[in-house]
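Biologist: Hi, have you got a moment to go through this model with me? I'd like to start with the charged pairs and then move on.

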Amino acid sequence: MIVEIANEGKKFVGFKAVGSVNADDFKSVVIPIVEAFVEKHKTLNYLLQIDTELSNFTVGAWLQDAVLGIKVFSKWNRAAIVTDTEGIKTFTELFSKIMIGEFKCFKHDEMEAAITWVSSEK
């Protein structure tokens, strides 16, 4: 499941992935919140804390994640991915080379640094 991370006035939208993650998590939680944020702020600062194994993400979840990336393609400013998984870090580094905006990984014990980074302007 994906839940929104409360951010009390910070300049980002954040989510935490736990347990099983499927397409409905993106359709019903992530995409509507991101679209509303982009409508209000015109750019996207996005934080995703991954607190589950990659194998817990369904194919549909990955497809919806891709759909999100395409829907707001020109709006990305910063994306912080919080994970201790090296494979996700490697993927994020490669992905950042083809996307607009900055993408950066942080370890779980660096959550505050991730929030500070993703909240700031380039």
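Biologist: Which residue forms a salt bridge with lysine 16?

Modeller: Bear in mind that this is a predicted model. Here the partner is aspartate 51, and the closest N and O atoms are 3.4 Å apart. Lysine 16 sits in strand S2 and aspartate 51 in strand S3, so the pair links distant parts of the chain, 35 residues apart.

Biologist: Are those two buried or exposed?

Modeller: Neither, really: lysine 16 counts as partly exposed at 25% relative accessibility, and aspartate 51 is partly exposed too, at 39%.

Biologist: How many salt bridges does the count come to?

Modeller: The count is 3. Another one joins glutamate 102 in strand S5 to arginine 78 in strand S4, with 3.0 Å between the closest N and O atoms. Arginine 78 is buried at 8% relative accessible area, whereas glutamate 102 is partly exposed at 30%.

Biologist: And where does lysine 107 lie?

Modeller: Lysine 107 is in the loop between S5 and H4. Its side chain meets that of glutamate 86 in a salt bridge at 3.9 Å, N to O. Glutamate 86 belongs to helix H3, so the pair ties together parts that are 21 residues apart in sequence.

Biologist: Happy to trust that helix? What does the pLDDT say about H3?

Modeller: Helix H3, residues 86-95, has the lowest mean pLDDT among the elements, 76, while S2 has the highest at 96. The chain averages 87, and 96% of the residues score at least 70.

Biologist: Changing topic: in what order do the strands of the sheet come?

Modeller: It is an open sheet of 5 strands, ordered S1-S2-S3-S4-S5, with mixed pairing. S1 and S5 are the edge strands, each pairing on one side only. Neighbouring strands are turned by 20° against each other on average, ignoring direction.

Biologist: In which sense do S4 and S5 pair?

Modeller: Parallel, over 5 bridges. For one partner in S5, take phenylalanine 103, which is bridged to alanine 79.

Biologist: Which strands does H4 touch when it packs on the sheet?

Modeller: H4 touches S1, S3, S4 and S5, and its direction makes about 175° with that of S4. The buried residues of H4 are Met111, Ala114, Ile115, Trp117, Val118 and Ser119.

Biologist: Why does serine 119 make that list?

Modeller: Because its relative accessible area is 15%, and buried means under 20%. Beyond its neighbours within four places in sequence, serine 119 is in contact with Lys10, Lys11, Phe12 and Asn45.

Biologist: What about threonine 116, buried or exposed?

Modeller: Threonine 116 is also in helix H4, but it counts as exposed, at 56% relative accessibility. Its C-alpha is 13 Å from that of glutamate 8, although the two are 108 residues apart in sequence.

Biologist: Last one: which residues touch the most other members of the largest nonpolar core?

Modeller: Out of 27 residues, those are Ile2, Phe15, Val30, Val34, Leu44, Tyr46 and Trp76. Helix H1 gives the most to this core, with 7 residues. Phenylalanine 15 is in contact with residues including Ile2, Val30, Val34 and Tyr46. There is also a second, separate core of 11 residues, and Phe12, Leu47, Val82 and Phe106 are among them.

Conventions: Residues numbered from 1 in each chain as written. Predicted model: local features only at pLDDT ≥ 70, side-chain atom pairs only at ≥ 80, totals over all residues. Heavy atoms only, no water. Buried < 20%, exposed > 50% of the residue type's maximum accessible area, 1.4 Å probe, protein only. Contact = heavy atoms within 4.5 Å. Core = buried A, V, L, I, M, F, W, Y, C linked by side-chain atoms within 4.5 Å. Helix = DSSP H or I, 4+ residues; strand = E, 2+ residues; numbered from the N terminus. Pairing = 2+ DSSP bridges. Axes fitted to C-alpha atoms, helices over the stretch in contact; angles between N-to-C directions. pLDDT = per-residue confidence, 0-100. Salt bridge = Lys/Arg side-chain N within 4 Å of Asp/Glu carboxyl O.
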